Amino acid sequence: MREVAFIKQNKEKWLEFELAIFGKAKKNPDELANLYIQLMNDLSYAQTYYPKSKTVIYLNHLASQIYQKIYKTKRTEKNRIVEFFKIEVPLLLFEYKRYLLYAFVLFFATVAMGVVSARYDPNFVRLILGDDYVNMTLENIKKGNPMAVYGSGSNWGSFVGITMNNLYVGAKCYMYGIFAGIGTFLVAMNNGIMLGSFQYFFYEQNVFWKSVRGIWIHGAMEIFGIVIETAAGFILGASILFPKTYSRINSFKIGFKNSFKIFLSTFPFTIGAGFLEGFITRYSIDMPNWLSSFIILFTLGIISFYYLVYPTIVYKKVQKLSAKPN
């Protein structure tokens with residue numbers, strides 16, 4: 001069947017799905033489950049015969065939305081927060097996985113820009129980080145502790161201040177997506193260039209490994225979280241620029257709702273990064289290599305699994321459940 005005929009044949013049914021999803025048509029749980037099975041059949045057909053079509057993207061979006069509606073209807077007795085992190089966010093991450101790719105490409109590209117700029121322009125690091133910070137860090141390096149800045153202040157004071165600042169940076173990175181994604185792009189670019197020049201500065205001073213052991217104890221989750229917040233900002237911007245089959249205002253409502261959930265999912269990791277920076281990073285200079293390396297790899301492994309691996313596991317599980325007969 002040609003794609004045009006496939007769309008024409010099922011258009012009315014898909015419109016019914018949209019009405020059921022967005023609350024304009026009342027459906028009981030069994031009716032929703034039946035609609036979901038029909039939708040998954042259409043999605044499987046489209047993935048087989050029109051794999052690169054926008055129809056697949058559209059049906060995949062409807063499938064994830066209607067599954068969430070079924071799940072909320074049938075599992076209201078369950079912990080809402082657990083459901084949010086276990087089901088809702090992973091399905092959204094799978095649906096919008098290309099925006100995660102865009103965010104990571106931008107991150108690595110801008111970090112590389114920062115490294116190259118710092119290497120070929122002696123004044124670039126001072127321009128980005130400021131003279132006071134650079135001079136202070138040079139003094140700390142001479143004293144044998146390049147990460148001494150993380151040891152200033154009390155544990156709790158550092159934790160609260162750092163966490164609030166990181167939440168602010170993440171919120172700015174996400175919310176600036178409302179400017180058609182351009183605001184998010186600029187914030188993320190600035191963060192990436194700063195990180196690249198920052199790390200090259202320590203490399204140039206021959207304390208690269210010491211800086212890695214300190215910075216990335218908390219940075220693994222903090223920086224990864226910013227990349228996810230960048231992806232959420234791009235989703236928000238794309239909902240304005242590319243409404244697909246929806247009106248622009250409905251597309252924005254859907255995009256905001258979904259991207260905001262992804263943004264919220266970064267909070268535990270941002271808070272965790274703030275805790276590590278306030279309580280653990282300050283002792284990195286005294287830690288054995290194996291311990292600091294373990295903390296870095298462990299935290300990076302947790303957040304990488306949740307955002308890059310787990311969404312596919314959940315999606316496949318949902319497909320398998322939907323394929324079972326009633």
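Start with a small void: the second largest cavity holds about 40 Å³ of space. Keep in mind as you click around that this is a predicted model. To frame that void, select Asn145, Pro146, Met147, Lys210, Arg213, Ser284 and Ile285, the residues that line the second largest cavity. Colour them by class and you get three nonpolar, two polar and two charged residues.

Next, the largest cavity. About 70 Å³ of space lies there. Pick Asn60, Ala63, Ser64, Leu91 and Tyr315, which are the closest to its centre among the eleven residues of the lining. Now show helices H2 (29-49), H3 (54-74), H4 (80-95) and H13 (289-323), since each gives two or more residues to the lining of this largest cavity. Which helix gives the largest share of that lining? Highlight H3, with four residues. By class, the lining of the largest cavity runs to eight nonpolar, two polar and one charged. If you scan the whole structure for cavities of 30 Å³ or more, you end up with three.

Time for something open to the outside: switch on the largest pocket, with a volume of about 900 Å³. Its lining has 35 residues, and the closest to the pocket centre are Asn165, Asn166, Met194, Glu222 and Ile223, so put those in sticks. Then show H5 (97-120), H8 (155-175), H9, H10 (208-241) and H12 (267-279) as cartoon; each supplies at least two residues of the largest pocket's lining. H10 has the largest share, ten residues. Colour the pocket lining by class: 18 nonpolar, 13 polar and four charged.

Stay with one of those helices, H9, and select residues 182-204. Run a distance from the first C-alpha of H9 to the last: the 23 residues reach 33 Å, close to the 33 Å expected at 1.5 Å a residue. Just after H9, click Asn206 and check its backbone: phi is positive, about 65°.

Last stop: add H7, residues 131-142. How do packed helices get described? By the angle between their axes and the distance between the axes. Here the axes of H7 and H9 come within 12 Å and cross at roughly 35°, and the crossing is right-handed. For the contact itself, select Tyr133, Val134, Thr137, Leu138 and Ile141 on H7, then Phe198, Phe201 and Phe202 on H9. Colour this H7 and H9 contact by class and you'll see seven nonpolar residues, one polar and no charged.

Methods
Residues numbered from 1 in each chain as written. Predicted model: local features only at pLDDT ≥ 70, side-chain atom pairs only at ≥ 80, totals over all residues. Heavy atoms only, no water. Expected span 1.5 Å × (residues − 1). 1 Å grid on protein atoms, 1.4 Å probe; cavity = no way out; pocket = protein on both sides within 12 Å on 5 of 7 lines; lining within 4 Å. Points joined across faces, edges and corners; volume = space filled by probe spheres on them. Nonpolar A, V, L, I, M, F, W, Y, C, P; charged D, E, K, R; others polar. Axes fitted to C-alpha atoms, helices over the stretch in contact; angles between N-to-C directions. Left-handed = near helix turned anticlockwise from the far one by under 90°. Contact = heavy atoms within 4.5 Å.
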